[in-house]
Amino acid sequence: MSALGDDELSLVLKWVYDQNDRKSFSQVCKQWLRVEGLTRLSIRVLEPDLIPVFLPRFPNLLFFEAQVFISNPHLEFVAKTCPKLQVLNLNLKKTLEEFEELDENSGFEDVGNDGISALANGCPNLSKVLLRKRKNVANFAVISLAKLCRNLTTLDLGRCNLVDDRAVEAIGCSNSIRVLNFEACSLITDHGLAVLATGYISKTLKKLVLAECDRITDSGVSMLKHICCLEELNLAECGPKITDSGGLAVSSLSSLKKLNLGWLINLSDVTVIAIANNCVKLVSIDLTGCELVTGVGVRAFGNHGSLEYLVLASCYNICMNDLSMVVRCQSLRDIVLDKGLRMWIPMPMQVHISKFCKLHWR
């Protein structure tokens, strides 16, 4: 029998999903090693220093993941070697303290503008880019991604604290981004929100995370009502400058399905009632730490048609009668209450609530 050609081996390998089996396959002979490399679509890198050694085997990668420290030259090599990349996951798992300790002790420079810009130039098919906690990533890198990656749908810049409104201006010109994460990007202001609300991105954006962006105010939040198809919005811990004025604007987003307003201490029942009445598609709302919210606001969800998940942790102005009204919401599946209230709610009431939905304590 004649030897199988590369094409035939590739067809066989498509049926091998287990990574250990793929490794065994590649160890049979040089031909099988080569074919396994050419058909590999994803890789997770644990030792970036070895990238120049092993990466040339995998020129057709679509998914690249490295949740460890990685340098600009490493990513420049990736850009040259794997031009077909579609998903780049560089979300860093290290803590900030570990990051600072590495910088001080080793002089290691983690990836920044040069590496990300090289990828934007070399991998134009990128659709999902995750850069959480990469503290050297700044405006130039983000602008390169926004301008060069025309298929970009997801961009996670959580805790990239050098990113400011100049990067947002470039992102606002995108007509493809659906998911955008600016968590703890504290340099973003109301101007950035206005850009998102009036740019091309306002026609495509479905999920926006602004948690801990504490420079934004009611003025910027009120602009978000122009993002016509927004389904998920996270404004948790954005500070006291967001009040019912901004909250009422948010309530006009009839497309919303998930909303996090945690620790917005100046939001009151006025906002909650408006959301309950206007956001008819809402599935989840988190009101953790909204200390001005009382049972009056919470009761408004009693007749809601789609709410499944309600978080009321650190909300102390709610009584048993209020909870009885809320659980009448037929769609409700889970309710989260502050664990400090557990001793004040009689067990019969807890049992009663549990008949309608799952009761959680936080």
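**Close-up views of a predicted model**

**View 1. Lysine 206 counts as partly exposed, because its relative accessibility is 27%, between the cut-offs of 20% for buried and 50% for exposed.** The whole model is predicted, so keep that in mind for every view here. What does lysine 206 pair up with? Its side chain meets that of glutamate 231 in a salt bridge, with N and O 3.7 Å apart. The two come from distant parts of the chain, 25 residues apart. Lysine 206 sits in the loop between helix 10 (190–198) and strand 7 (207–209), while glutamate 231 sits in the loop between helix 11 (218–223) and strand 8 (232–234). Glutamate 231 is partly exposed too, with a relative accessible area of 24%.

**View 2. Here arginine 299 forms a salt bridge with aspartate 322.** Their closest N and O atoms are 2.7 Å apart. Find arginine 299 in the loop between helix 14 (295–298) and strand 11 (309–312), then look for aspartate 322 in helix 15 (residues 320–326). The pair therefore ties together parts that are 23 residues apart in sequence. Is each partner buried or exposed, or something in between? Arginine 299 is partly exposed at 34% relative accessibility, whereas aspartate 322, at 6%, counts as buried. Elsewhere, salt bridges that share partners link up Arg132, Asp156, Arg159, Glu183 and Glu212 as one network.

**View 3. Arginine 134 and aspartate 110 form a salt bridge, and both are buried.** The closest N and O atoms of this pair are 3.0 Å apart. Arginine 134 lies in the loop between strand 4 (128–130) and helix 8 (139–148), and aspartate 110 lies in the loop between helix 6 (96–106) and helix 7 (113–122). That's why this salt bridge ties together parts that are 24 residues apart in sequence. Side chains of opposite charge can pair when their charged atoms come close. How many salt bridges does the structure hold? There are 10.

**View 4. This one shows helix 7 packing against helix 8.** The axes are 8 Å apart and the angle is about 5°. Angles under 35 degrees count as roughly parallel, so helix 7 and helix 8 get that label. On the helix 7 side, the contact is made by Asn113, Ile116, Ser117, Ala120 and Asn121. Helix 8 brings Asn139, Phe140, Ala141, Ser144, Leu145 and Leu148. An α-helix has 3.6 residues a turn, so residues three or four places apart point the same way. Sort the contact residues by class and you get 6 nonpolar, 5 polar and no charged ones.

**View 5. Helix 8 also packs with helix 9 (165–172).** This time the angle is about 0° and the axes are 9 Å apart. So helix 8 and helix 9 are roughly parallel. Which residues make the contact? They are Asn139, Val142, Ile143 and Ala146 of helix 8, along with Arg166, Ala167, Ala170 and Ile171 of helix 9. The contact has 6 nonpolar residues, plus 1 polar and 1 charged.

**View 6. Now zoom in on the buried residues of helix 13 (residues 269–278).** These are Asp269, Thr271, Val272, Ala274, Ile275 and Ala276. What do they pack against? Their partners are helix 12 (244–251), strand 9 (258–260), strand 10 (284–286) and helix 14.

**View 7. Arginine 159 and tryptophan 263 both have a positive phi without being glycine.** Most residues other than glycine have a negative phi. For arginine 159, phi is near 65°. Arginine 159 is found in the loop between strand 5 (154–156) and helix 9, and counts as partly exposed at 31% relative accessibility. Tryptophan 263 has a phi of about 65°. It lies in the loop between strand 9 and helix 13. At 43% relative accessibility, tryptophan 263 is partly exposed.

**View 8. Finally, zoom out to the whole protein, with its 16 helices and 13 strands.** Of its 362 residues, 52% count as buried. The protein exposes about 17200 Å², and carbon and sulfur atoms supply 54% of that. Among contacts with a separation of 6 or more, 69% are between residues 24 or more positions apart.

Definitions and conventions. Residues are numbered from 1 along each chain as its sequence is written. This is a predicted model: local features need pLDDT of at least 70, side-chain atom pairs count only at pLDDT 80 or more; totals for chains, interfaces and linings use all residues. Side-chain values use heavy atoms; hydrogens and water are left out. Helices (H or I, at least four residues) and strands (E, at least two) are DSSP runs, numbered from the N terminus. Buried means under 20% relative accessible area, exposed over 50%, partly exposed in between (1.4 Å probe, protein chains only). Contact means heavy atoms within 4.5 Å. Accessible areas come from the Shrake-Rupley method with a 1.4 Å probe; for residues, only the protein chains shown count as cover. A salt bridge is a side-chain nitrogen of Lys or Arg within 4 Å of a carboxyl oxygen of Asp or Glu. Axes are lines fitted to C-alpha atoms, for helices over the stretch in contact, and angles run from 0 to 180 degrees between N-to-C directions. Angles under 35 degrees count as roughly parallel, over 145 as roughly antiparallel, 65 to 115 as roughly perpendicular and the rest as oblique. Ala, Val, Leu, Ile, Met, Phe, Trp, Tyr, Cys and Pro count as nonpolar, Asp, Glu, Lys and Arg as charged, and the others, Gly among them, as polar.
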